[in-house]
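Biologist: Could you walk me through the ligand site, taking a close look at what surrounds the ligand and how that part is built?

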Amino acid sequence: MKDISILIKGVGYYLPSSVLTNDDLSKKVETSDEWIRTRTGIAQRHIAAENESCSDLAFQAAQKAIADANLQASDIDALIVATVTPDMPFPSTAAILQARLGLNNVMALDINAACSGFLYALELARCLMQNEHYRHVLVMGSEKLSSIVNWTDRTTCVLFGDGAGAFVLERQEGPKSGILDGALGADGSNPSVLCVPAGGSMRPTTHETVDANMHYVSMNGKEVFKMAVRLMAKSVDTVLERNHLKKSDIAWLIPHQANLRIIQSLAQLLEIPMEQVFCNVDKTGNTSAASIPIAFAQAKEAGTFKPGDYIVLAAFGGGLTWGATLIKY
Ligand code: UT7
């Protein structure tokens with residue numbers, strides 16, 4: 001059997017033009033630039049316009065990625081959108097995006113693995129693309145988290161932002177390169193650690209759920225923090241071991257951009273110097289499924305990667321879900 005490579009042919013990202021700084025937030029809730037910076041490393045986040053939806057953000061990032069890949073919309077054979085803030089419960093944001101982008105009537109689906117969603121989507125695409133019918137797959141993370149954040153809750157509203165990121169993957173026969181492997185996990189034994197409690201079939205929307213603020217992100221931050229570092233490190237170890245690589249082989253770590261302290265703890269556990277870790281959390285806040293493709297696209301734009309570099313992506317999020325993806329650039 002011939003080796004199949006799943007190459008990152010093009011990337012793109014989009015951040016809404018409106019920026020909300022920590023000082024802006026300190027006028028809405030009892031917080032300060034100093035508290036937010038020291039606990040999270042975040043200085044600002046981008047916020048979508050009221051009439052800008054998840055598919056609008058995704059549309060911008062997707063167009064850039066398709067152009068970056070030197071392809072046309074008609075070359076795309078499947079579309080996967082990772083999101084927890086779809087335009088509506090159904091149809092999927094991916095289906096809406098299929099028409100807007102002018103893709104052929106290809107398979108289009110959303111997946112929800114919260115902040116790990118993009119890595120889950122990449123792994124699904126990698127496996128799908130072992131099949132020769134899928135030559136180019138558009139994989140995206142897109143989030144309008146500002147639409148599910150309680151802007152009166154200082155413990156969560158300071159953390160999140162909006163944005164979208166996209167990869168166009170290309171299937172090629174030849175020595176293995178590109179997306180090499182993904183190690184993913186989930187543990188749903190305590191979903192309330194990080195969730196939106198109502199609005200689904202378990203607790204449909206009622207006046208009471210709205211009055212009780214149950215349609216907003218609810219989180220036990222300390223619990224998530226502890227799990228995040230341990231589970232991301234474990235996934236990275238797994239993916240390295242499976243591919244006979246050492247930590248010292250990693251040229252770049254691109255972690256989910258949730259909190260600079262989590263990123264620093266992870267880098268320390270993995271013995272990777274912070275100079276080899278790409279961070280943009282100061283500028284974007286946590287954009288959930290969009291955070292890794294945005295960070296990757298910005299790193300690429302800055303000329304960060306060299307051909308042959310081993311790049312590791314690592315994520316964790318609601319579910320809980322977690323994972324790591326190994327890339328040979
Ligand atoms: O993609 C996954 C998304 N989730 C995460 O990444 C969350 C991971 N967890 C974290 O990042 C951290 O737990 C937080 C940044 C959310 C919180 O940091 P912490 O060091 O765990 O703070 P804390 O929750 O223990 O709060 C410490 C104090 C509390 O006051 P008291 O009880 O000690 O008087 C909070 O009420 O800080 C207070 N506090 C704030 N103060 C000013 C909480 N939020 C704020 C705020 N501004 N925004």
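Modeller: Four helices each put at least two residues into the shell around the ligand: H2 (33-40), H6 (154-157), H8 and H9. Keep in mind that this is a predicted model. H8 gives the largest share of that shell, four residues. In total, 22 residues surround the ligand, and the closest are Thr31, Arg39, Lys222, Asn259 and Asn286. Sorted by type, the shell has 10 nonpolar, seven polar and five charged residues.

Now for the polar atoms. The side chain of Thr31 has an N or O atom 2.6 Å from a nitrogen atom of the ligand. Gly221 uses its backbone instead, with an N or O atom 3.0 Å from a ligand nitrogen. For Lys222, the partner is a ligand oxygen, 2.7 Å from an N or O atom in the lysine side chain. As for cover, the protein hides 73% of the 960 Å² of accessible area that the ligand has on its own.

Asn259, one of those closest residues, also has a job at H9 (residues 260-270): it caps the N-terminal end, with a side-chain oxygen 2.6 Å from the backbone nitrogen of Arg261. Further along H9, Ile262, Ile263, Leu266, Ala267 and Leu270 are buried. They span an arc of only 135 degrees around the axis, so they sit on the same side of H9. Their cover includes helix H8 (221-242) along with strands S11 (250-255) and S12 (310-317). Just past the end of H9, Glu271 adopts a positive phi of about 55 degrees.

Note on methods: Residues are numbered from 1 along each chain as its sequence is written. This is a predicted model: local features need pLDDT of at least 70, side-chain atom pairs count only at pLDDT 80 or more; totals for chains, interfaces and linings use all residues. Side-chain values use heavy atoms; hydrogens and water are left out. Buried means under 20% relative accessible area, exposed over 50%, partly exposed in between (1.4 Å probe, protein chains only). The arc is that of the directions from the helix axis to the C-beta atoms. Contact means heavy atoms within 4.5 Å. A polar contact is a pair of N or O atoms within 3.5 Å; within protein, one must be able to donate a hydrogen and the other to accept it, and residues adjacent in sequence count only if both atoms are side-chain atoms. A residue is near a molecule or strand if one of its heavy atoms lies within 4 Å of it. Accessible areas come from the Shrake-Rupley method with a 1.4 Å probe; for residues, only the protein chains shown count as cover. Ala, Val, Leu, Ile, Met, Phe, Trp, Tyr, Cys and Pro count as nonpolar, Asp, Glu, Lys and Arg as charged, and the others, Gly among them, as polar.
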